[in-house]
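Student: I have the sequence and the model open, and I'd like to learn how to read the ligand site and the pockets. Can we go through it together?

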Amino acid sequence: MADINLPEIRDTLVSLAFEAGRTILAANPSATSADTKLNAVDIVTETDKAVEVLISSRLSTLYPSFSFIGEETYVKGVTTVTDAPTFIVDPIDGTQNFVHGFPHACISLGFAVEKIPSVGVVYNPFLDILYTGVRGQGSYMQRNASEGSNAKEPQRLPLNGGKGKLNKLCNSLVAFEGGSQRDGENFEIKMRAFRNLLESGKGMVGGFRSLGSAALNICGVAAGQLDLYWEGGCYAWDVAAGWCILNEAGGKMFGGNPGVWEPELDSRKYLAVRGATEGQKEIVEEFWGLLGGEEMVYEH
Ligand code: IPD
């Protein structure tokens with residue numbers, strides 16, 4: 001790790017994110033053909049594939065000795081996250097949003113060393129908002145990010161220096177996602193959890209949101225705009241970049257299943273919690289308590 005220049009990698013990923021962002025903005029998703037993967041709602045467009053080719057080819061030229069994992073070239077049961085320095089990339093996180101022109105989709109570019117998220121760049125080209133994080137060096141959000149001299153000053157995360165204590169779930173703004181798997185035991189567990197989180201007399205979260213992009217949900221938690229984000233079923237490329245940004249903002253990633261305090265990067269079950277002066281452990285335990293001891297199980 002000592003001889004890897006993480007800020008230089010961040011700068012490379014930022015310029016790649018802007019280039020990919022221009023490709024995404026130039027695409028006409030209604031005229032772009034979309035294939036399906038797991039089922040009819042798990043879609044991939046030509047633009048997802050083109051952006052991944054752009055990013056992987058640039059990174060393999062610049063950093064030939066580093067590994068690369070991308071959503072569109074992942075092979076089930078074969079692609080694994082190892083200890084090697086690895087770029088972990090989702091070319092478009094929020095593909096459903098992209099296809100519908102709902103402006104919450106991003107390029108998610110993570111870099112992990114020994115499976116520790118060490119650089120994160122998440123860029124929403126529709127809103128021109130950039131999130132970056134470098135291990136040990138803080139994380140930032142920048143508006144009008146691609147506009148050169150008109151770009152706003154990067155703001156250190158969490159915004160406004162953080163909001164202090166985390167209270168109970170009923171005072172919290174919580175994000176969770178349906179995900180693309182819409183059947184089976186994991187789906188049933190999620191549906192029971194959604195009910196417990198929303199129902200009066202149980203968690204009754206103050207508000208719940210689904211941005212439709214795991215990376216943007218995590219960045220919202222890093223910024224302190226959301227208190228928590230929970231999901232089972234997403235992959236390392238959905239979370240790697242945001243995870244670094246979250247850590248550097250004083251937040252923490254816990255496991256999506258009860259009792260998992262230090263989740264693996266590729267565990268596919270995550271609970272992101274914003275930075276707080278106190279109450280992190282308590283709200284995680286309150287959240288896990290609503291899962292009724294049930295555990296989601298996902299293959300890699
Ligand atoms: C999806 C989004 C979505 C989450 C899914 C992811 P994609 O990524 O992050 O919010 O619920 O689990 O697969 O398919 O748009 O790259």
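Tutor: Sure, beginning with a term: a residue is near a molecule or strand if one of its heavy atoms lies within 4 Å of it. Keep in mind that this is a predicted model, where local features need pLDDT of at least 70 and side-chain atom pairs count only at pLDDT 80 or more, while totals for chains, interfaces and linings use all residues. Residues are numbered from 1 along each chain as its sequence is written, and side-chain values use heavy atoms, with hydrogens and water left out.

Student: Which residues come nearest to the ligand?

Tutor: There are 14 residues around the ligand, and Asp93, Gly94, Thr95, Ala214 and Glu231 come nearest. Strand β4 (residues 86-93) gives the largest share of that shell, 3 residues; helices (H or I, at least four residues) and strands (E, at least two) are DSSP runs, numbered from the N terminus. By class, the shell has 3 nonpolar, 5 polar and 6 charged residues. Here Ala, Val, Leu, Ile, Met, Phe, Trp, Tyr, Cys and Pro count as nonpolar, Asp, Glu, Lys and Arg as charged, and the others, Gly among them, as polar.

Student: Which side chains have a polar atom by a ligand oxygen?

Tutor: For a polar contact, look for a pair of N or O atoms within 3.5 Å; within protein, one must be able to donate a hydrogen and the other to accept it, and residues adjacent in sequence count only if both atoms are side-chain atoms. Aspartate 93 has a side-chain N or O atom 2.7 Å from a ligand oxygen, glutamate 71 has a polar side-chain atom at 2.9 Å from one, and for aspartate 238 the distance is 3.4 Å. The ligand alone exposes 370 Å², and the protein buries 89% of that (accessible areas by the Shrake-Rupley method with a 1.4 Å probe; for residues, only the protein chains shown count as cover).

Student: Where does the ligand sit?

Tutor: Rolling a probe the size of a water molecule over the atoms shows where empty space is left. On a 1 Å grid over the protein atoms alone, a pocket is an open set of points where a 1.4 Å probe fits, with protein on both sides within 12 Å along at least five of seven lines; lining residues have an atom within 4 Å of a point. The ligand sits in the largest pocket, meaning that more than half of its atoms lie within 2 Å of the grid points. That pocket holds about 1000 Å³ of space, a volume being the space filled by probe spheres set on points joined across faces, edges and corners. Its lining has 41 residues, with Asp42, Gly179, Ser180, Gln181 and Gly233 closest to the centre.

Student: Any odd backbone spots?

Tutor: Most residues other than glycine have a negative phi, and most peptide bonds are trans. Asparagine 144 has a positive phi of about 50°, and the peptide bond from leucine 157 to proline 158 is cis, with omega near 0°.
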